[in-house]
Amino acid sequence: MTPKVKTFLERLFSTVVLLSLLGAAVGFNEPAGYAVLICLFCNLTTVEWHNMLRSRAETTSRPLALAAGLVYPWLMAAGVLFNDEWFNGLFQFAPVALGCLVFYALACFFCELIRMDYKGRTGAQALASVGTGLLAFVYPVWLFAFALAALGSEYAVYSLLWLILVTKMSDIWAYVCGVLTGGRFISRRFSPTVSPKKTWEGIIGSLIITTLVAWLISGMADFRAFLGQPGEFCGLAVYTSPVFFLVLMPVLFVLSVAGDLAGSLIKRGLEVKDSGSLLPGIGGIFDLIDSPAFTVSFAVAVLGIL
């Protein structure tokens, strides 16, 4: 088995594990199980962020980011699952999510102001620490936690699983197309600095194949039953309409690629090769949810506005 085939199989295996876990939790009609999985993914990513910062001897932003990343997903999951009982139906996902982000940002600034006055830190050090601390919470934990917003609707959960599947397919097909045709027609790399292995042939081929496969999956009879009748919130009409595949599908694809590149940018900035070693061929949970963090949060935001 060649190294490229081995890498492809490892990536495929890790992606199948992710989708199988989420799909099983929903298939057995256990919203709590789905929520626990999302929270665990966020928590494991937080720990990986903590370890990457520790490898760079960055101490100021680690404790705050670690605490927020470990607590926030469970807080949001409890709010959605027990809204009627605990909050008398007053819990609203988006306002609470934004409020938590505001409080976290204020805490980051207050911590660095104190360190500048009493710990002798320079303005440049404090500013860098504020930025790193914010990023360690926002990406991908805060963004990916928007997947919890789908807990209020069974149709929305299955739609979200479809979205995560499409997002991960785009990465797999980009790798396959890049290995098969990369560099043969376009010599310049797609992202020569952030991710030198990505090719234009891989990106273009992935866009075409992912769009076709996404259309086929959304048209399957069994999947139609899961998503409900057209016109439902997050329902089938959204995914099978020509407007979606002509406009939103390319947008989601671009976001998927950008999310993956954002993860590469962070690892290059921190000078680490992998975020972790939990998943073969990928690295850590950070590398597994980096691109879904972009597409999931975007989809929830757009559907919330509409």
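**Close-up 1. E271, an exposed loop residue in the predicted model.** With a relative accessibility of 62%, E271 counts as exposed, and the model we're looking at is a predicted one. E271 sits in the loop that runs between α11 (242-270) and α12 (285-305). Check the backbone here: phi of E271 is near 60°, which is a positive value in a residue other than glycine.

**Close-up 2. The whole chain, for orientation.** Zooming out for a moment, the protein chain has 12 helices and two strands. Going along the sequence, the elements come in the order α-α-α-α-α-α-α-β-β-α-α-α-α-α. The chain has 306 residues, and 45% of them count as buried. As for contacts with a separation of 6 or more, 72% of those in the protein chain come from residues 24 or more positions apart.

**Close-up 3. Helix α6 and its kink.** Here's α6, which spans residues 123-144. This helix has 22 residues and covers 31 Å from its first C-alpha to its last, close to the 32 Å expected at 1.5 Å a residue. Where does α6 kink? The kink, about 40°, lies at V138, shortly before the proline P140. P140 is itself part of α6, and the peptide bond leading into P140 from Y139 is cis, with omega near -5°. Plenty to look at on the buried side too: the buried residues of α6 include A126, S129, V130 and G133. Further along, Y139, P140, V141, W142, L143 and F144 are also among the buried ones.

**Close-up 4. α2 against α6.** Helix α2 (residues 31-55) packs on α6 with the axes 9 Å apart and an angle of about 155°. That angle makes the two helices roughly antiparallel. On the α2 side, the contact is made by I38, F41, C42, T45, T46, W49 and L53. Facing them from α6 are T132, L135, A136, Y139, P140, V141 and F144, so both partners of the cis peptide bond, Y139 and P140, show up in this view. As for handedness, α2 passes α6 in a right-handed crossing.

**Close-up 5. α5 against α6.** Now the partner is helix α5 (residues 93-118), whose axis comes within 9 Å of the α6 axis, crossing at roughly 155°. This pair is roughly antiparallel as well. The crossing of α5 past α6 is right-handed. From α5, the residues in the contact are A97, L98, L101, Y104, A105, C108, F109, E112 and M116. They meet G123, A126, S129, V130, G133, L134, F137, V138 and W142 of α6. Look out for V138 in this list, as that's where α6 has its kink.

**Close-up 6. α3 against α6.** How are α3 and α6 oriented, parallel or antiparallel? Their axes are 9 Å apart and the packing angle is about 25°, so the pair is roughly parallel. The crossing is right-handed. A65, A68, G69, Y72 and P73 are the α3 residues in the contact, and each of these five is also on the list of buried residues in α3. Across from them in α6 sit G133, A136, F137, V141 and W142.

**Close-up 7. Helix α3 on its own.** Helix α3 (residues 62-81) has 20 residues. From first C-alpha to last, α3 reaches 29 Å, close to the 28 Å expected at 1.5 Å a residue. What kink does α3 carry, and where? A bend of about 25° lies at V71, shortly before the proline P73. Besides P73, the buried residues of α3 include R62, Y72, M76, A77, A78 and G79.

**Close-up 8. I208 and W173.** I208 is a residue of helix α8 (residues 200-218). At 49% relative accessibility, I208 counts as partly exposed, since the cut-off for exposed is over 50%. How far apart are I208 and W173? In sequence they're separated by 35 residues, while in space their C-alpha atoms are 9.5 Å apart.

Technical notes
Residues numbered from 1 in each chain as written. Predicted model: local features only at pLDDT ≥ 70, side-chain atom pairs only at ≥ 80, totals over all residues. Heavy atoms only, no water. Helix = DSSP H or I, 4+ residues; strand = E, 2+ residues; numbered from the N terminus. Expected span 1.5 Å × (residues − 1). Bend = angle between axes of the 7 residues up to and from the residue. Buried < 20%, exposed > 50% of the residue type's maximum accessible area, 1.4 Å probe, protein only. Axes fitted to C-alpha atoms, helices over the stretch in contact; angles between N-to-C directions. Parallel < 35°, antiparallel > 145°, perpendicular 65-115°, else oblique. Left-handed = near helix turned anticlockwise from the far one by under 90°. Contact = heavy atoms within 4.5 Å.
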